[in-house]
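Please find below a colleague's note on this structure, set out as numbered points. It is written for someone who is looking at the model for the first time.

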Amino acid sequence: MSGPGSAAAGVLEMLAGRGQSLAVAESLTGGLVAGALTAVPGASRVVRGSVTAYATEVKREVLGVDGALLAARGAVGGEVARQMASGVRRVLGADWGLSTTGVAGPGPQDGHPVGTVFVAVQGPDGAGAVRRLSLAGDRDRIRQDTIRAVLALLLSELTENTRAQDTEQHGGNGCLQP
């Protein structure tokens, strides 16, 4: 399995080629996604910054996650992840926003078992996705697998976005016309 570094390099290259930027909102990963991205030489061409929103209040007050949602369901959930990605995108003025929220351990949180993780991507023109993960392993393994998953989700969205643009420009079948 390839590590987060190669996935980070891939998404940064793709975003740089498009002239687009990226921002990250992290909870359970505590800055590790941003660390993986900024470890790649030239990352400053793409990465705008990150918010480590470990505390629920930071999710609400800095990223704009709905307070009623947080009060009713807690900080672990798909809609929370989506709002975190949208919020960091807005706050840091990026084309794309990534987010991670979940339970790395040692114990359950908000009624969710260890290994329950949500990752999200939000981009321009309504592009975006949320994925629920059920991860196994110790705290470090869960956090490392979360980094891989959120970068893979972004890569998937970027690839889909590219295919959609190609289809619009070249006649509907995704193939270049002569």
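1. G97 has Q122 of strand 4 as its bridge partner. This belongs to the pairing of strand 3 with strand 4, which is antiparallel and extends over six bridges; two strands are taken to pair if DSSP finds at least two bridges between them. Helices (H or I, at least four residues) and strands (E, at least two) are DSSP runs, numbered from the N terminus.

2. A word on the basis of these statements: the model is predicted, so that local features need pLDDT of at least 70 and side-chain atom pairs count only at pLDDT 80 or more, while totals for chains, interfaces and linings use all residues. Residues are numbered from 1 along each chain as its sequence is written, and side-chain values use heavy atoms, with hydrogens and water left out.

3. The sheet is open and consists of five strands in the order 2-1-3-4-5, with mixed pairing. Strand 2 (47-52) and strand 5 each have a single partner strand and stand at the edges, so one side of each lacks a neighbour in the sheet. From one strand to the next the twist averages 10°.

4. Strand 1 is parallel to strand 2, to which five bridges join it, and two of the partner pairs are A23 with G49 and V24 with S50. Strand 1 also runs parallel to strand 3, again through five bridges, and here A25 stands opposite S99. Together with helix 2 and strand 2, strand 1 makes a right-handed β-α-β unit (right-handed if, with the strands pointing away from the viewer, the path from the first strand over the helix to the second runs clockwise).

5. How many residues of strand 1 are buried? Five of the five are, so the strand is largely enclosed by the rest of the structure; buried means under 20% relative accessible area, exposed over 50%, and partly exposed in between, with a 1.4 Å probe and protein chains only. L22, V24 and E26 point one way from the strand, whereas A23 and A25 point the other way.

6. The largest nonpolar core (buried Ala, Val, Leu, Ile, Met, Phe, Trp, Tyr and Cys residues joined through side-chain atoms within 4.5 Å) has 32 residues, and L22, L37, W96, L98, L151 and L154 have the most contacts inside it. Among the elements that give two or more residues to this core are helix 1 (4-18), strand 1 (22-26), helix 2 (32-38) and helix 6 (139-169), with helix 6 providing the largest share, eight residues. Apart from this core lies another, of 13 residues, including A25, L69, A75 and V88.

7. Leaving aside residues up to four places away in sequence, L37 touches A8, V11, L12, L22, V24, A43, V47 and L151, where contact means heavy atoms within 4.5 Å.

8. T116, in strand 4, is buried, with a relative accessible area of 2%. A polar atom of the T116 side chain lies 3.0 Å from the backbone oxygen of P113. Beyond residues up to four places away in sequence, T116 touches V76, G102, V103, R132 and L133.

Key. Axes fitted to C-alpha atoms, helices over the stretch in contact; angles between N-to-C directions. Polar contact = N/O pair within 3.5 Å; in protein donor to acceptor, adjacent residues only side chain to side chain.
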